[in-house]
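Me: I am new to this structure and would like to learn how to read it. Could you show me, one feature at a time?

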Amino acid sequence: MKRGKSKADAPKKADSKLSVKKGPERASKKPRKSKADKDPNKPKRPPSAFFVFMEEFRKSFKEKNPNNKSVSVVGKAGGDKWKSLSEAEKAPYVAKAAKFKTEYTKKIAAYNKNQSGGGSHAAGDEDESDKSKSEVNDDEDDEEGTEEEEEDDE
């Protein structure tokens, strides 16, 4: 009598496929990339018009509903209110957001300029230059150069 493959053989094959690879076989996989460390000196991104609106809305919502402790309820109510606003009603928030964005672009440009020029020591250089401005000035030539640079930055 000839028999076909038994059911006992099937799990062994499946087990070999599911086995965990160890040693040199695993080394062939690419190592995971870790996130780059965030620079604490980097300026924060500016809030959008919606988030500018939400700052004001949270205050008014808290006054109307002092017993509400749920963040999600405030967020949903704010989102619904934002959707119901007309373009004219959104305009002041859009203008504030645009103002924040222009300030951010200036700050990030200065930050990027410092990063390319001085590397990670840029923050230390700024502290030293501030100290030298406040100290008694022996060299008038050095002071004139820094005043001109300050006027250009403004």
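**Reading the fold step by step**

Reply: Happy to! Starting at the N terminus, the elements of the protein chain run α-α-α-α-α-α-α. Please keep in mind that this is a predicted model.

Me: How many helices and how many strands does the protein chain have?

Reply: There are 7 helices and 0 strands. Of the contacts with a separation of 6 or more, 67% join residues 24 or more positions apart.

Me: How do I check the length of a helix, say α3?

Reply: Compare an expected span with the distance between its ends. With 1.5 Å a residue, the 16 residues of α3 should span 22 Å, and the end C-alpha atoms lie 23 Å apart, which agrees.

Me: Which residues of α3 are buried?

Reply: It helps to know the geometry first. An α-helix has 3.6 residues a turn, so residues three or four places apart point the same way. In α3, the buried residues are Ala49, Val52, Phe53, Met54, Phe57 and Phe61. Across the 154 residues of the protein chain, 13% are buried.

Me: Which residues form the largest nonpolar core?

Reply: That core has 11 residues: Ala49, Val52, Phe53, Met54, Phe57, Phe61, Val74, Trp82, Leu85, Tyr93 and Ala97. Two or more residues each come from α3 (49-64), α4 (71-84) and α5 (87-118). The largest share, 6 residues, is from α3.

Me: What does Phe57 touch, beyond residues up to four places away in sequence?

Reply: Phe57 touches Val74, Ala77, Gly78 and Lys81.

Me: And how should I read a pocket? What lines the second largest one?

Reply: Look at its space, then its lining. The second largest pocket holds about 260 Å³ of space. Its lining has 13 residues, and Arg58, Lys62, Asn68, Ser70 and Val74 are the ones nearest the centre. Both α3 and α4 supply at least two lining residues, with α3 giving the most, 5 residues. By class, the lining has 5 nonpolar, 4 polar and 4 charged residues.

Me: Loops puzzle me. Where does Pro47 lie?

Reply: Pro47 is in the loop between α2 (24-27) and α3. Why do we call Pro47 partly exposed? Because its relative accessible area is 27%, and partly exposed covers what falls between buried, under 20%, and exposed, over 50%.

Me: Which residues is Pro47 in contact with, leaving aside neighbours within four places?

Reply: Pro47 is in contact with Val52, Ala97 and Phe100. Pro47 and Ala98 are 51 residues apart in sequence, yet their C-alpha atoms are 9.3 Å apart in space.

How values were computed:
Residues numbered from 1 in each chain as written. Predicted model: local features only at pLDDT ≥ 70, side-chain atom pairs only at ≥ 80, totals over all residues. Heavy atoms only, no water. Core = buried A, V, L, I, M, F, W, Y, C linked by side-chain atoms within 4.5 Å. Buried < 20%, exposed > 50% of the residue type's maximum accessible area, 1.4 Å probe, protein only. Helix = DSSP H or I, 4+ residues; strand = E, 2+ residues; numbered from the N terminus. Contact = heavy atoms within 4.5 Å. 1 Å grid on protein atoms, 1.4 Å probe; cavity = no way out; pocket = protein on both sides within 12 Å on 5 of 7 lines; lining within 4 Å. Points joined across faces, edges and corners; volume = space filled by probe spheres on them. Nonpolar A, V, L, I, M, F, W, Y, C, P; charged D, E, K, R; others polar. Expected span 1.5 Å × (residues − 1).
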